[in-house]
Amino acid sequence: MKQKTGTYYFDGSFNGFLTLLFEVRYTGIRPTAIVKLKDQQAALFPQPNYVATRLEDAKQIWNGLRSQNYSALKTLYFAFLSEEENIEMQLYYFYLSWQKQRIDEQIPDIATASARIYQLASLVEKEKRAVERLLVVEDFPGTSYVKIIKPKYNILPLISRYFRTRFRNDDWLIGDINRNYGLQHQSGSLAFVAIKPEQLKNNTEDKTLISSPAYKKKRRKRSLEVLA
């Protein structure tokens, strides 16, 4: 049984974080720390306060927040993708403040914390738009099939709609070499794929690259990753 307060764990995904917010809203948990399970050396052992990702609950929170304040939800999502250390607790406090829920935990300066969330969201959006412009200027995918990027922030989920719409008739892959995954569009289907850095080096023309068994496709959760 989960405790009401304490350290809570999730799988590190945005869907997982939304599921945790579902628990905050509907079961009354109050985390004093939020930790990605993969960051824990003890992850191999069961954690009593582990919140498993539940897509239906995540979608319920997403839709509810979207109807309340789209701009605030966008800020929450973009700041999450900054992957800044300990961002989850800052986002949790941002959520409580946004929902006007009582905050029992001691926060040195909630205004400063909220300002940081807005700043990070702005930086992530700035990099997203810069990458979109850069790839178009470089005539991608016209001159190459695979494009390697090294973004500071995790912006692949954010550029997916732009490239899916603009280049819907082309096959292409944008690989984030810093995070070892890519965004693949092939035969009209869009998916995130796991990649290895050595597979991307010096390889921008080979269309068999992303069809190899080394790439593990992941189903795209379109309902939760369409903000732009």
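**Figure 1. Helices H3 and H5 are roughly perpendicular to each other in this predicted model.** The assignment follows from the packing angle of about 75° between H3 and H5, because angles of 65 to 115 degrees count as roughly perpendicular. The axes of H3 and H5 lie 8 Å apart. On the H3 side, the contact is made by Lys74, Thr75, Phe78 and Ala79. On the H5 side, Ile117, Tyr118, Leu120, Ala121, Val124, Glu125, Lys128 and Arg129 take part. By class, the residues of this contact divide into seven nonpolar, one polar and four charged.

**Figure 2. Helices H5 and H6 pack with their axes 10 Å apart.** H5 comprises residues 110-137 and H6 residues 156-166. The angle between H5 and H6 is about 30°; the two helices are therefore roughly parallel to each other, because angles under 35 degrees are counted in that class. H5 passes H6 in a right-handed crossing. H5 contributes Val124, Lys128, Val131, Glu132, Leu135 and Val136 to the contact, and H6 contributes Leu158, Ile159, Tyr162, Phe163 and Arg166. Eight nonpolar and three charged residues make up the contact of H5 with H6, with no polar residues.

**Figure 3. The buried residues of helix H5 pack against three helices and two strands, namely H3, H4, S3, H6 and S4.** In the sequence, H3 covers 70-80, H4 covers 87-98, S3 covers 146-149 and S4 covers 172-176. The buried residues of H5 are Ala113, Ser114, Ile117, Leu120, Ala121, Val124, Glu127, Lys128, Val131, Glu132 and Leu135. Among them are the charged side chains Glu127, Lys128 and Glu132. The 28 residues of H5 should span 40 Å at 1.5 Å a residue, and the 41 Å between its end C-alpha atoms agrees with this value.

**Figure 4. Phe163 of helix H6 is buried.** Its relative accessibility is 0%, and Phe163 therefore counts as buried. Phe163 is one of the H6 residues in the contact with H5. The C-alpha atoms of Phe163 and Ile174 are 9.7 Å apart in space, while the two residues are 11 apart in sequence.

**Figure 5. Helix H4 is mostly covered, with 11 of its 12 residues buried.** The buried residues are Ile87, Glu88, Met89, Gln90, Leu91, Tyr92, Tyr93, Phe94, Tyr95, Leu96 and Trp98. They pack against strands S1 (5-10) and S2 (30-36) and against helices H1 (14-26), H2 (55-68), H3 and H5. From its first C-alpha to its last, H4 reaches 16 Å, close to the 16 Å expected at 1.5 Å a residue. Just after H4, Lys100 takes a positive phi of about 60°.

**Figure 6. The chain as a whole contains seven helices and seven strands.** From the N terminus on, the elements run β-α-β-α-α-α-α-β-α-β-β-β-α-β. Of the 228 residues in the chain, 49% are buried. Among contacts with a separation of 6 or more, 70% join residues 24 or more positions apart.

Terms used
Residues are numbered from 1 along each chain as its sequence is written. This is a predicted model: local features need pLDDT of at least 70, side-chain atom pairs count only at pLDDT 80 or more; totals for chains, interfaces and linings use all residues. Side-chain values use heavy atoms; hydrogens and water are left out. Axes are lines fitted to C-alpha atoms, for helices over the stretch in contact, and angles run from 0 to 180 degrees between N-to-C directions. Helices (H or I, at least four residues) and strands (E, at least two) are DSSP runs, numbered from the N terminus. Angles under 35 degrees count as roughly parallel, over 145 as roughly antiparallel, 65 to 115 as roughly perpendicular and the rest as oblique. A crossing is left-handed if the near helix is turned anticlockwise from the far one by less than a right angle, and right-handed if clockwise. Contact means heavy atoms within 4.5 Å. The expected span of a helix is 1.5 Å times one less than its number of residues. Buried means under 20% relative accessible area, exposed over 50%, partly exposed in between (1.4 Å probe, protein chains only).
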